[in-house]
Amino acid sequence: MVSNSAMACLYEKNVASRLHLVSVFCISLVVSGFAELQRFQHATKDDGSLSFLVVGDWGRRGFYNQSAVALQMGRIGEQLDIDFVVSTGDNFYGDGLRDVNDPAFLESFKDVYTATSLQKQWYSVLGNHDYRGDTEAQLSPALRKIDSRWLCQRSFILNTGIAEFFFVDTTPIVNKYLIDKDHNYDWRAVSPRGTYVANLLQDLKVALNKSTAKWKIVVGHHAIRSVGHHGDTPELISLLLPILKAHNVDMYMNGHDHCLEHISSLDSPIQYLTSGAGSKAWRGDVKSYNNRAMKFFYDGQGFMSVKLTGSDAKIAFYDVLGRLLHTWKMSKPLHSTM
C-alpha cells in the first residue's frame, strides 16, 4: 500500500512531471485477473426510446433550493415520462453518510424527491464529498431496503440496449485529495490506489471495446472540461480522455462544478455535459474558454434531461424554476453503432 505521505511527496513535484509520472505509473502496471465492471439492465420504452434526468451535487436536506430543483425535476420528469435518474455524485453534503442509519439519506433523498415521476431507479456515482464519509454505506444494499430507487456503485455499466452508460469512480484518480489535510477520506477498497486506478481504466477500456450500443455515455463526478470553479481536471485529461476518444464515446456527464454547462470537443464527437447544480450554486465563478467549444454555461441551480432514440439524442437544461435554458440535438445514421 502506498502511504499518503509518499503520495504527498510525489504530488508536490512539478505539476507536469507529476501528471506524466502518474500516467506512466498507472498505465504501465501489470494488470492481472481484473474483473469486468458490474452490469445492470434497464429496458427502453416500447418505441425503443429512452428518457432520463441528470442531477448532481444535491444532498443538502432540501436547503439551497434543493427542494425547488426537485419540484421542477418532478414536473419535467412527468412531461418526458422519464425512465430513470442519473446522479453525478456529491450525493450527501458536507461529508457523505456517517453510516447506513444516517438520517441524511431520508432528509436529503427520500423526503426530497417525492414526485411521482421521480419514483424511478436512480443510478449514482460517488463524489469527493461522499468519500469524506462512509463510502460503503452509500454502496450498501441496506439503503435499497429503505428506498428501492437507490443504486450507487463505485463504477458500473448500465445497459439499455440503445445506449450503454459507463459510470466511473473519478475521485481516486484526482491527486489533490491524497494530500488534503483538512478532511479525512475513506480510501477502503481503493488501496493501493495505483492498482485500483489502473484496473478501473483497463476495465473501462475492455467494456467500451465490447460495446455495440448506439450511444456510449460515460458518467463521472469530476469534469474533464469545465469553465466553472474547479475547471478542467488534468488527471482525467491525461488518463481518462484518451480512452473516451479511442472508443467513440458520445457524451461525458459530470457534476462537481455547481453549474450547468455544455462544451463540445473540437477534435472528437464528445459532448462534455456538466449537471452539478442540484442545490448550492456558485454565481459569477466562470473561467474563459474557447468560444467554438463553449455552447452553454449557467451559474445557477437546475438539472438536465436527455432523450435518446435510434437516430437522435436531445439534451436540455432547466433552471430552478423549470425554465428551459439550452437545448442540443445530435444525430446518427439509423443503422450506425458508432
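Visitor and guide talk through a predicted model, asking how each label is earned.

Visitor: What makes residues 1–34 a stretch to treat with caution?
Guide: The protein averages a pLDDT of 90, and 88% of the residues score at least 70. Over residues 1–34, however, the pLDDT is below 50. On a scale from 0 to 100, pLDDT is the predictor's confidence in each residue. Where it is low, the predicted coordinates should not be read in detail. The stretch does have 39 contacts in the model beyond near neighbours in sequence.

Visitor: Why is Cys 152 called buried?
Guide: Buried means under 20% relative accessible area. Cys 152 has 0%, so the label applies.

Visitor: Is Cys 259 buried or exposed?
Guide: Its relative accessibility is 2%. The cut-off is under 20%, so Cys 259 is buried.

Visitor: How many disulfides does the structure hold?
Guide: Zero. A disulfide needs a pair of cysteine sulfur atoms within 2.5 Å, so no pair in this model meets that limit.

Visitor: What makes strand β2 largely enclosed by the rest of the structure?
Guide: Six of the six residues of β2 (residues 50–55) are buried, so the strand is largely enclosed. Both faces are covered. Leu 50, Phe 52 and Val 54 lie on one side, with Ser 51, Leu 53 and Val 55 on the other.

Visitor: How do you know that β2 pairs with strand β13?
Guide: Pairing takes at least two bridges. β2 and β13 (residues 302–308) have five, so they pair, in the antiparallel sense. One bridge partner in β13 is Ser 305, for Leu 53.

Visitor: What joins β2 to strand β3?
Guide: Four bridges join β2 to β3 (residues 84–87). Two would be enough, so this is a pair. The two strands run parallel. Val 55 stands opposite Ser 87 in β3.

Visitor: Why are β1 and β12 said to stand at the edges of the sheet?
Guide: The open sheet has eight strands in the order β1-β6-β7-β8-β9-β11-β10-β12, with mixed pairing. β1 (38–41) and β12 (294–298) each have a single partner strand, so one side of each is left without a neighbour in the sheet. The twist averages 15° from one strand to the next.

Visitor: How do you know that β1 and β6 pair?
Guide: They share four bridges in the parallel sense. At least two are needed, so the pair qualifies. Phe 40 has Leu 158 of β6 as its bridge partner.

Visitor: Which strands does helix α7 lie across?
Guide: α7 lies across β1, β6, β7 (163–168) and β8 (215–220). It runs at about 175° to β7. Angles between N-to-C directions stop at 180 degrees, so helix α7 and β7 run in nearly opposite directions.

Visitor: What makes a set of residues a nonpolar core?
Guide: The members are buried residues of listed nonpolar types, joined through side-chain atoms within 4.5 Å. The largest such core has 63 residues. Met 73, Tyr 113, Leu 244 and Tyr 252 touch the most other members. Helix α7 (residues 193–210) gives the most to this core, with seven residues. Another core, of 32 residues, lies apart from it, with Ile 162, Val 219, Tyr 298 and Met 330 among them.

Visitor: Which residues does Met 73 touch?
Guide: Among them are Leu 53, Val 55, Val 85, Tyr 113, Trp 122 and Phe 303. Leu 53 and Val 55 belong to one side of β2.

Terms used:
Residues are numbered from 1 along each chain as its sequence is written. This is a predicted model: local features need pLDDT of at least 70, side-chain atom pairs count only at pLDDT 80 or more; totals for chains, interfaces and linings use all residues. Side-chain values use heavy atoms; hydrogens and water are left out. Buried means under 20% relative accessible area, exposed over 50%, partly exposed in between (1.4 Å probe, protein chains only). Contact means heavy atoms within 4.5 Å. Axes are lines fitted to C-alpha atoms, for helices over the stretch in contact, and angles run from 0 to 180 degrees between N-to-C directions. Lists of a residue's contacts leave out its neighbours within four places in sequence.
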